[in-house]
Amino acid sequence: MEEKEHRKHQKKQSGPKADRKKKRKAPGVGEEEDGRRRNPKAFGVQSAVRMARTFHRAQDLQTKKHHAPQVDRSALEPPPVVIVVVGPPRVGKTTLIQCLIRNFTRQKLSDICGPVTIVSGKKRRLTFIECGNDINTMIDLAKVADLVLMLIDASFGFEMETFEFLNICQVHGFPRIMGVLTHLDFFKNNKQLRKTKKILKHRFWTEVYQGAKLFYLSGMVHSEYQKQEIRNLGRFISVMKFRPLVWQTAHPYVLADRMEDLTDPETLRINPLCDRKVCLYGYLRGTYLKNRSQVHIPGVGDFSLADVSFLSDPCSLPDSLKKRALNERERLLYAPLSGVGGVVYDKDAVYIDLGGSHVDREQEEARPTAELVQSLIGAQATIDVKMAASKVSLFTGSEPLRQGELQEEEGAEESPKEERVWDPETQRERRRAVFTEEEEEGSEEEEGSEEEEEEEDSEGEGEAGEESESEEEELEKQPARKRLRVEGRSDGVKEGVGIEVPAFADSEDELEKSEGEEESEVEGESGEEEEDDGSEGEGRKAMDSGNCSEEESGGSEVDSPLLEESESKVKPPKHREAELEEGEEEPCFETAGELKWKEGLAQKASEVFLRQQRSTPNLRKLVYGTVTEESEEESEGGGELGGLFHVSRPESEKRRRADGLDCSHYPPDAARDWDQQEVLDSIRDCFVTGKWEDDKDATRLLQEDEELYGDFEDLETGELHQGDSGKQEDQAEEDESGEGEDEDEDGGKVKGNAEGEKQQRLDKKRRLKERFNAEYDEGDATFFDDLKGEMQRQAELNRAEFSAVDDETRVQYEGFRPGMYLRLEIHNLPCEFITNFDPNYPVILGGLGASEGNVGYLQMRLKKHRWHQRILKTRDPLILSLGWRRFQTLPLYHIEDHNGRNRLLKYTPQHMHCGATLWGPITPQGTGFLAVQSVSGTKAGFRIAATGVVLDLDKSVTVVKKLKLIGYPYKIYKNTAFIKDMFNSVLEVAKFEGAALRTVSGVRGQIKKALRAPPGAYRATFEDRLLMSDIVFLRSWFPVSVPQLYNPVTSLLLPLGEKESWTGMRTVGQLKHDLGVKVKPSKDSLYKPVVRKKRHFNPLHIPKDLQRALPFKNKPKNAEKKGKVPRDLQRPAVIKEPHEKKIAALLAALSTVHNHKRKSAQARQREQHKDFLQQRQKQEMDKMKRQKEARKKMFRMIGQREKKQQKSSLKGAAQHD
């Protein structure tokens, strides 16, 4: 039957129904809003309790996402983000780093060793470092990592190294972790691939957190990952935000990316195994670092920083941030341990990368830096060789001279030179013997600075420059004393200025003043010196102001006599000729001193005192102690970078301005006359009665307070007081109401308007409150938002405090800030660190706090890791990672009982926390740690043995262990017994008087008094009578001492290829196993056969009265024992005759034969019967078969018969019908 097609209903195009449908489908009207209008009761509040629970749950979920806000102490230019690439061997770590570097910098890095720093964006830099399979490397890098890229081989699954690193991160502060699945191209079946991804993702979420990012690298193209996948991974890395970790933000640390050995080559030649002087370079991270602070290098030990300085950033961020993307020049790559980099300027030297074997080839594009490097490489001779071969002619037409000729002439004069020095203490002239070599060594720095000035003048003056060069060479060949005189004379001739210097300086200040005036005049007239030299001279002048320490002014005091004598003879010849023309004889050195030193002593003393008061002190030195002066750095570097480029330092003026006039010194002025009115008026405003500024004048401030808080009402009297503001308002109201009224009417009006004024004040207060509420209660601001705002304001205040100060001054106050590229110099470093240096293992310098360099007792809470196979034993050596350190120690495990006793545990609990006491470095409370039993190689199973946290830093916890003292009774008097063999003296017994005792059978007792003999015996009472066989024991607690072992793990000092095989103290079991010593069992531990003496009990004695009362069955029966059968009643023995013996033997043989025949017949009969049974069974089966067939045949015939009868009956019935 075919189904009919029903006619479809036509949709309503108009009408109320169509309008309702149109409104329902209109945009902006949701189903929920439509439902609310249609049935508002269904959306009403059915249960207030349920609604409150829902609201509370939503608030709880929202609050759980909040972190406790912290003050942002990150620098404006943060250090590079440390990205650690972790994974098992052969999983693709190096390939991933190479692809990411190529993605960010467009450069291909073939060999990766150590940290690789790149610029990834306008505000972010990245440092990639690969983490090997070594447990030491994993522990160290987990402490400094900001982001962890965890590579997982999807074709194999999770490996044990992955879970070990995750547990290490959980202990030392959990950084951001991103999983990366590799080797996905091994899956040929998509269904299996999807299933594997899902399993790995959920397992990864279990270990990290729900929703952790997991990347998939589907395959490789030309031995590299696909570009789009690497680009996506790079985008996630570039925009990722990082949560500051507690340990990292509280400690400064440096991940070293370069290392230099500065040890003296002569010292290395004499002793190759001496301690080294090493410089390490890297970005400072964490918090501020002070110079000469304590640091720890994991794998080496604790050291003190000899010197710290900051260098220019080798991988700096781009200057302009307005661009959308970086250009090729700004995509920097800095990896010195991988052989990447060009010219590097250091504090000590300039390092040039030669570029391998392709340097000699001509480059198509010759850049300035390349030309400079090529010229330096192509130089055939050094500068000293060229200077030795050069010739100089002093006069036109004269024979040119060589340097060797003058040296030969000077070499002939080996006698010392005489130098006259005036000693102000002994008031006499002293003669110093000065050798030429010593003078030249002492004035090397001055010669270098003068040579530079001469070279600069020569470049700008032309012919005068040639003359200056000749004079310079002539000066080099002369002694130092003569050289100073020639220079002074030449300067005087050139400039035409006469400089008068006193023959005798009354103090060092006078000499310094004269030197400063001379320097200022020379600088002002020449006008060609650069800013570096000027700042150096000014800095030296400020340093020698008379307020420096002996160490700082030591150099100037040594050279002062020589300079004094030289400057006294700087006077030009013109002035001397003028003096001689006037008829005055030029006095000698001695007469000049005798004539001048006595003149005007009082005036000189007052001038010296005033000059000392007015001298500019070094305020930083007064506040902070010894301050590193910039003049030392400038003298070392010469104000230049590598001797090539000058550095302008405009901030030197700011630094000097900080050392301004010290207000604590008041220079007395003897010229003031305090009787004059003008002098009194000059200080009149310094007192309270004087005229102050508006914001500090007391009268002015009181008037403002009255205007603000003038009106008030006395609550006791009800009197209303008005301030100036109230009076002014009343006066204004009076003027407005009418100016022509009388004073009486005005007073009545004021009284009548009191209520109105009160209402006005109330309205004013209400408006102020509304304004306050609108300002502070606007929006949904919560306590969390206010706290975040406060932290933000504090961070801005911290940044603004030293924002206007230059870096050199700022470092003196707050230390080196995070983000700086530092050069850290360390002395007495083991030589194995240099000889066995491997760039594949990270070098970390972790800063230590004030007390973290000490070693003491630590109280910890520890738990054995559930995946570690074996439990830990007390006093077994354990390697801990605590703070920056990795060290081996012997912990004691204990647990606290209900009564506060810390009971020693022989082994750690299986699934519980326990206490641990050990000897180790002092570390702040709350610091997490982990423990491993061995760091050598890869052991089967999970390597992390335990984790925990530091609780306390002293030995306040006393660990005790149980001690059982055993004694035996030797006399018993009812409930009193005398016990022996428990103590050895009466003093020991006296110490334990009143202690509780117990016997093996459970009888309790107490120690009463010591006995005289035997020694150590005592009297004790028990709650029941003891037996002589009882054993008495005393339970006591014995304090256990913590073993003092602190063995740092020095894995970085091991030879190459053996850094993963560090072994410290071994257990007794390990020693016996390594040495092949068999364990000898203790005799007490062996099983012995139990020998028990047979006890004989006395016969049971029942009284006769009790026997009578007992029933008959319980009465003792006095039945006598049956005696032995008498011998006459026993059967006599029969002795057979030989004939009888033969007959008996024959009968025995016949019986044996008969028995054998009988047994054989029985066996045959059983076999025949068995055959009979089988035949009979066969016959029965045949019979059953025949009967079955007969029954079938009979039943078939019966069925046929019944069928015929049924048919016949049906036919008869039909016919009858």
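Here a trainee and a mentor talk through a predicted model, from its surface patches to its strands.

Trainee: Let's start at the surface. Is Lys17 buried, partly exposed or exposed?

Mentor: Lys17 sits in helix H1, which covers residues 16–25. Together with Lys11, Lys12, Arg20, Lys21 and Lys25, Lys17 forms a positive surface patch. Its relative accessibility is 48%, and buried would need under 20% while exposed would need over 50%. Lys17 therefore counts as partly exposed.

Trainee: And Val1000, is that residue buried or exposed?

Mentor: Val1000 is found in the loop between strand S35 (996–999) and strand S36 (1004–1010). Along with Ile966, Tyr968 and Ile1031, Val1000 makes up a nonpolar patch on the surface, and the four have about 350 Å² of accessible area together. The relative accessibility of Val1000 is 60%, and the cut-off is over 50%, so Val1000 counts as exposed.

Trainee: Now the open sheet of 7 strands: which strands stand at its edges?

Mentor: The order in this sheet is S6-S5-S4-S1-S3-S2-S14, and the pairing is mixed. A strand at the edge has a single partner strand, so one side of it is left without a neighbour in the sheet. That description fits S6 (214–216) and S14 (333–334).

Trainee: Which residue in S6 stands opposite Val180?

Mentor: Strand S5 (residues 176–182) and S6 run parallel and are joined by 3 bridges. The residue to look for lies in strand S6 and is buried, with a relative accessible area of 10%. Its C-alpha is 9.2 Å from that of Asn232, although 17 residues separate the two in sequence. Opposite Val180 stands Phe215.

Trainee: Let's go to strand S30. How many of its 9 residues are buried?

Mentor: S30 spans residues 913–921 and is joined to strand S25 (residues 855–864) by 9 bridges, running antiparallel. Strand S28 (residues 892–896) also pairs with S30 in the antiparallel sense, over 3 bridges. S30 is largely enclosed by the rest of the structure, because the number of its residues that are buried is 8.

Trainee: What are the partners in S30 of Leu862 and His894?

Mentor: Strands of a sheet pair through backbone hydrogen bonds, either parallel or antiparallel. Leu862 stands opposite Cys914 in S30. For His894, the bridge partner in S30 is Gly915.

Trainee: Which residues of S27 are buried on each side?

Mentor: In a regular strand the side chains alternate between the two faces of the sheet. S27 (residues 885–889) is mostly covered, with 5 of its 5 residues buried. Both of its faces are covered: one side has Arg885, Phe887 and Thr889, and the other has Arg886 and Gln888.

Trainee: What is the phi of Gly883, in the turn of the hairpin?

Mentor: The hairpin is formed by S26 and S27, with 2 residues between them. Strand S26 (residues 878–882) pairs with S27 in the antiparallel sense over 5 bridges, and Leu878 has Thr889 as its bridge partner in S27. In the turn, Gly883 has a positive phi of about 70°.

Trainee: One more: which residue in S39 stands opposite Phe887?

Mentor: S27 is joined by 2 bridges to strand S39 (residues 1047–1048), and these strands run antiparallel. Phe887 is one of the buried residues of S27. Its opposite residue in S39 is Pro1048.

Terms used
Residues numbered from 1 in each chain as written. Predicted model: local features only at pLDDT ≥ 70, side-chain atom pairs only at ≥ 80, totals over all residues. Heavy atoms only, no water. Patch = residues over 30% accessible without salt bridge, like charges linked within 9 Å, V, L, I, M, F, W, Y side chains within 5 Å. Areas by Shrake-Rupley, 256 points an atom, 1.4 Å probe, with all protein chains shown as cover. Salt bridge = Lys/Arg side-chain N within 4 Å of Asp/Glu carboxyl O. Lys, Arg positive; Asp, Glu negative; His and termini not counted. Charge placed at Lys NZ, Arg CZ, Asp CG, Glu CD. Helix = DSSP H or I, 4+ residues; strand = E, 2+ residues; numbered from the N terminus. Buried < 20%, exposed > 50% of the residue type's maximum accessible area, 1.4 Å probe, protein only. Pairing = 2+ DSSP bridges.
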